[in-house]
Amino acid sequence: MAVLTGKVAVVTGGSSGIGLAIAHAFCEEGATVFITGRRKEALDDAIVELGANATAVVCDSAVPSDLDALYDTVREQAGHVDIVVANAGIGIETVFGEVTEEQVDALFATNVKGTVFTVQKALPLLRPGASIILTGSSAATRPPYGLEIYAATKAAVRNLARGWAHSARQYDFRVNVLSPGTVPTPGLLDLVPAEAREQAEEATPLGRLGTPEEIAAAATFLASNASSYVNGSELAADGGAAQI
Ligand SMILES: NC(=O)c1ccc[n+]([C@@H]2O[C@H](COP(=O)([O-])OP(=O)(O)OC[C@H]3O[C@@H](n4cnc5c(N)ncnc54)[C@H](OP(=O)(O)O)[C@@H]3O)[C@@H](O)[C@H]2O)c1
């Protein structure tokens with residue numbers, strides 16, 4: 001039986017990579033899904049793939065007024081939200097010694113500020129028992145060389161879930177972090193050169209990189225009632241890379 005039948009989900013950064021795979025999985029499990037991204041063309045392509053249960057909204061997570069417009073659309077079309085996946089994120093290589101203010105601002109604007117307001121602005125729409133999922137990263141535990149600032153943003157994301165878990169009773173939600181290891185996606189392939197991907201594969205106890213579908217399966221668990229007593233936790237889907 002489909003495990004998300006009748007649920008309404010918002011997946012930010014749902015036009016590519018991990019977010020798109022999560023949107024696919026949620027649609028297959030019977031959810032109505034709203035996806036976001038900054039590029040309309042990529043969203044249009046994604047909607048063709050996802051079909052009639054998905055709606056695309058152009059929305060930059062780093063811009064709070066864009067998030068207001070997103071939730072206005074969700075309110076008008078669906079009335080409430082059961083699942084929020086704050087997944088939109090960017091990676092930028094930052095060489096220590098040459099890090100710029102622009103790089104730090106861009107990384108924190110999308111990955112941290114975007115996560116804060118994606119979740120906070122959803123609160124008025126949440127149905128009791130809602131599941132909030134924040135996309136973290138194994139980099140928060142094992143920061144790769146040259147990705148220290150990105151890793152710091154993901155450490156902040158991990159801590160937001162710890163902090164927000166306190167509010168579970170007040171808002172009747174649960175919040176968890178899903179932390180992928182290295183997963184070949186358009187974003188990852190742009191950021192991480194082939195040699196570093198091979199090193200990551202070598203360093204992963206399972207001996208291979210992950211797939212977006214494997215991350216989506218973990219997200220489906222966190223979204224569904226099967227994880228009803230899981231709150232404030234981090235689910236690592238990293239082949240063991242950051243676990244030993
Ligand atoms: N792939 C990995 O190995 C890996 C590992 C650990 C964690 N992660 C995390 O997983 C998440 C997804 O990454 P991915 O690898 O799937 O990357 P991706 O293929 O580049 O997809 C990123 C998605 O986020 C959207 N996005 C980026 N910035 C945005 C913003 N400011 N507002 C709204 N949407 C935005 C992109 O669309 P637009 O460009 O059109 O905005 C796209 O839909 C990120 O949080 C990333 O840090 C990835």
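A polar side-chain atom of aspartate 60 lies 2.8 Å from a nitrogen atom of the ligand. The protein covers 93% of the 880 Å² of accessible area that the ligand has on its own. This is a predicted model. The points below start at the ligand, then turn to helix α5, helix α4 and the residues around aspartate 172.

**Around the ligand**

- The ligand is surrounded by 30 residues. The closest are Ser15, Ser16, Arg38, Tyr150 and Thr185.
- Serine 16 has a polar side-chain atom 2.7 Å from an oxygen atom of the ligand.
- Tyrosine 150 also reaches the ligand: an N or O atom of its side chain is 2.7 Å from a ligand oxygen atom.
- Which elements give two or more residues to the shell around the ligand? They are α1 (17-28), α5 and α7 (186-191).
- The biggest share comes from α7, which gives three residues to this shell.
- Glycine 187 lies in helix α7. Glycine 187 has a relative accessible area of 45%, so it counts as partly exposed.
- Glycine 187 and isoleucine 92 are 95 residues apart in sequence. In space, their C-alpha atoms are 10.0 Å apart.

**Helix α5**

- Helix α5 covers residues 148-164, which makes 17 residues.
- How far apart should the ends of α5 be, at 1.5 Å a residue? The expected span is 24 Å, because the rise is counted for one residue less than the helix holds. The end C-alpha atoms are 24 Å apart, so the model agrees with the expected value.
- The buried residues of α5 are Ile149, Tyr150, Ala151, Thr153, Lys154, Val157, Arg158, Leu160, Ala161 and Trp164. Tyr150 is also among the residues closest to the ligand.
- An α-helix has 3.6 residues a turn, so residues three or four places apart point the same way.
- What covers the buried residues of α5? The cover includes two helices, α4 (101-120) and α6 (168-171). It also includes the strands β5 (126-135), β6 (173-180) and β7 (234-237).

**Helix α4 and the loop before it**

- Valine 112 lies in helix α4. Its relative accessible area is 14%, so valine 112 is buried.
- Leaving out residues up to four places away in sequence, valine 112 touches Leu107, Thr153 and Ala156. Thr153 is one of the buried residues of α5.
- Valine 112 and alanine 218 are 106 residues apart along the chain. Their C-alpha atoms are separated by 22 Å.
- Threonine 110 is in helix α4 too. Is threonine 110 buried or exposed? Its relative accessibility is 10%; buried means under 20%, so threonine 110 is buried.
- Beyond its neighbours within four places in sequence, threonine 110 is in contact with Ala62, Ala88, Gly89, Ile90 and Thr115.
- Threonine 94 sits in the loop between β4 (81-86) and α4. At 1% relative accessibility, threonine 94 is buried.
- Not counting residues up to four places away in sequence, threonine 94 touches Val99, Gln103, Leu107, Gly146, Glu148 and Ile149. Ile149 is a buried residue of α5.

**Aspartate 172 and an aromatic pair**

- Aspartate 172 is in the loop between α6 and β6. At 40% relative accessibility, it counts as partly exposed.
- Most residues other than glycine have a negative phi. Aspartate 172 has a positive phi of about 55°, although it is not a glycine.
- Aspartate 172 and proline 128 are 44 residues apart along the chain. Their C-alpha atoms are separated by 5.2 Å.
- Pro128 is also a contact of aspartate 172. The other contacts, not counting residues up to four places away in sequence, are Arg127, Gly129, Ala130 and Ser167.
- How many aromatic pairs are counted in this model? The count comes to one. Tyrosine 171 and phenylalanine 173 form this pair, with 6.0 Å between the ring centres and 10° between the planes.
- Why does the pair count as stacked? Planes under 30 degrees apart count as stacked, and here the angle is 10°.
- The two partners are covered in different ways: tyrosine 171 is partly exposed at 34% relative accessibility, whereas phenylalanine 173 is buried at 6%.

How values were computed:
Residues are numbered from 1 along each chain as its sequence is written. This is a predicted model: local features need pLDDT of at least 70, side-chain atom pairs count only at pLDDT 80 or more; totals for chains, interfaces and linings use all residues. Side-chain values use heavy atoms; hydrogens and water are left out. Rings of Phe, Tyr and Trp (its six-membered ring) pair if their centres lie within 6.5 Å; planes under 30 degrees apart count as stacked, over 60 as edge-to-face and the rest as tilted. Buried means under 20% relative accessible area, exposed over 50%, partly exposed in between (1.4 Å probe, protein chains only). Helices (H or I, at least four residues) and strands (E, at least two) are DSSP runs, numbered from the N terminus. Contact means heavy atoms within 4.5 Å. A residue is near a molecule or strand if one of its heavy atoms lies within 4 Å of it. A polar contact is a pair of N or O atoms within 3.5 Å; within protein, one must be able to donate a hydrogen and the other to accept it, and residues adjacent in sequence count only if both atoms are side-chain atoms. Accessible areas come from the Shrake-Rupley method with a 1.4 Å probe; for residues, only the protein chains shown count as cover.
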